[in-house]
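User: I am new to this structure. Please show me how to read helix crossings and ring pairs.

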Amino acid sequence: MAFRQALQLAACGLAGGSAAVFFSAVAVGKPRAGGDAEPRVVEPPAWAGAARPRPGVWDPNWDRREPLSLVNLRKRNLEPGEEELASRLDHCKARATRHIFLIRHSQYHVDAPLEKDRTLTPLGREQAELTGLRLASLGLKFNKIVHSSMTRAIETTDIISKHLPGVCKVSTDLLREGAPIEPDPPVSHWKPEAVYYEDGARIEAAFRNYIHRADAKQQEDSYEIFICHANVIRYIVCRALQFPPEGWLRLSLNNGSITHLVVRPDGRVALRTLGDTGFMPPDKTSRS
């Protein structure tokens with residue numbers, strides 16, 4: 001009984017813990033007369049919810065897939081013994097590691113008026129070839145390629161996929177480029193609040209949908225490729241590492257770069273590489 005009561009208390013702690021979105025207060029602002037900065041609290045957007053974890057504390061249930069959060073301890077007419085409860089918890093545990101490769105699209109014609117006309121430049125096509133060759137050289141059994149539905153991401157995917165025959169491709173609007181959250185420090189030329197409200201909710205949905213520990217039924221480690229955009233990748237990296245997401249604009253990614261995230265069965269996340277283009281000659285790199 002003591003074992004089950006302890007689990008119930010832990011489950012309540014998980015349920016009442018931090019929200020899925022990690023937002024922290026950042027002290028910035030204009031200097032006052034005495035030279036000190038006027039603190040400015042970065043408030044989470046409306047879609048984020050009010051709760052937030054304490055700064056610097058890892059939330060083990062960030063993806064809502066901790067076994068305790070998946071077992072209904074309050075189900076009616078169910079009084080499991082310690083052995084049965086332990087068995088149910090074990091049944092919910094992830095056993096495989098997910099390797100997530102986030103690829104930024106290659107260079108494209110940024111001045112085209114319509115999105116459908118923002119195709120890859122000749123350099124961009126070369127970059128995609130180099131990225132495809134690099135991924136193929138890793139010798140990994142990739143499970144799938146998920147890509148943004150924007151033209152530049154589609155064309156990048158088509159070139160990369162030629163080097164990875166047999167890997168299925170899936171298109172999604174969730175990974176389209178956008179403004180995820182107002183950056184901090186603020187940028188004068190950036191977007192109005194309404195844009196963050198719309199794009200931010202969608203990009204957060206992409207994070208929740210694609211970035212999490214493996215399903216308990218997954219037996220082998222997986223290697224998945226996501227081809228999308230700089231803002232989306234930078235936001236995902238901040239969220240996955242539980243860094244303040246407002247800092248996404250402080251990161252920089254080259255076209256065709258590879259970012260490698262690892263999600264362990266216990267929910268721990270590691271960043272293997274961020275924006276790697278070391279496989280490209282210097283004259284083939286760009287950040288447009």
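Analyst: We take a helix crossing, then the aromatic pairs. Keep in mind that this model is predicted.

User: At what angle do the axes of α4 and α5 cross?

Analyst: Helix α4 covers residues 122-137 and helix α5 residues 151-161. Their axes come within 8 Å and cross at roughly 45°. That angle is neither under 35 degrees nor in the range 65 to 115, so α4 and α5 are oblique to each other. The crossing is right-handed.

User: Which residues of α4 and α5 make the contact?

Analyst: Helix α4 supplies Arg125, Ala128, Glu129, Thr131, Gly132 and Leu135. Helix α5 supplies Glu155, Thr156, Ile159 and Ile160. Sorted by character, the contact has 4 nonpolar, 3 polar and 3 charged residues.

User: How many aromatic pairs does the structure hold?

Analyst: There are 3. One of them joins Trp62 and Phe207, with ring centres 6.1 Å apart and planes at 40°. Planes between 30 and 60 degrees count as tilted, so this pair is tilted. Trp62 sits in the loop between α1 and α2, and Phe207 in helix α6, 145 residues apart.

User: Are Trp62 and Phe207 buried or exposed?

Analyst: Buried means under 20% relative accessible area. Trp62 has 6%, so it is buried. Phe207 has 2%, so it is buried too.

User: What kind of pair do Phe101 and Phe142 form?

Analyst: Their centres are 5.4 Å apart and their planes stand at 80°, so the pair is edge-to-face. Phe101 lies in strand β1, and Phe142 in the loop between α4 and β2, 41 residues apart. Phe101 is buried at 3% relative accessibility, and Phe142 is buried at 8%.

Technical notes: Residues numbered from 1 in each chain as written. Predicted model: local features only at pLDDT ≥ 70, side-chain atom pairs only at ≥ 80, totals over all residues. Heavy atoms only, no water. Axes fitted to C-alpha atoms, helices over the stretch in contact; angles between N-to-C directions. Helix = DSSP H or I, 4+ residues; strand = E, 2+ residues; numbered from the N terminus. Parallel < 35°, antiparallel > 145°, perpendicular 65-115°, else oblique. Left-handed = near helix turned anticlockwise from the far one by under 90°. Contact = heavy atoms within 4.5 Å. Nonpolar A, V, L, I, M, F, W, Y, C, P; charged D, E, K, R; others polar. Phe/Tyr/Trp six-rings, centres within 6.5 Å; stacked < 30°, edge-to-face > 60°. Buried < 20%, exposed > 50% of the residue type's maximum accessible area, 1.4 Å probe, protein only.
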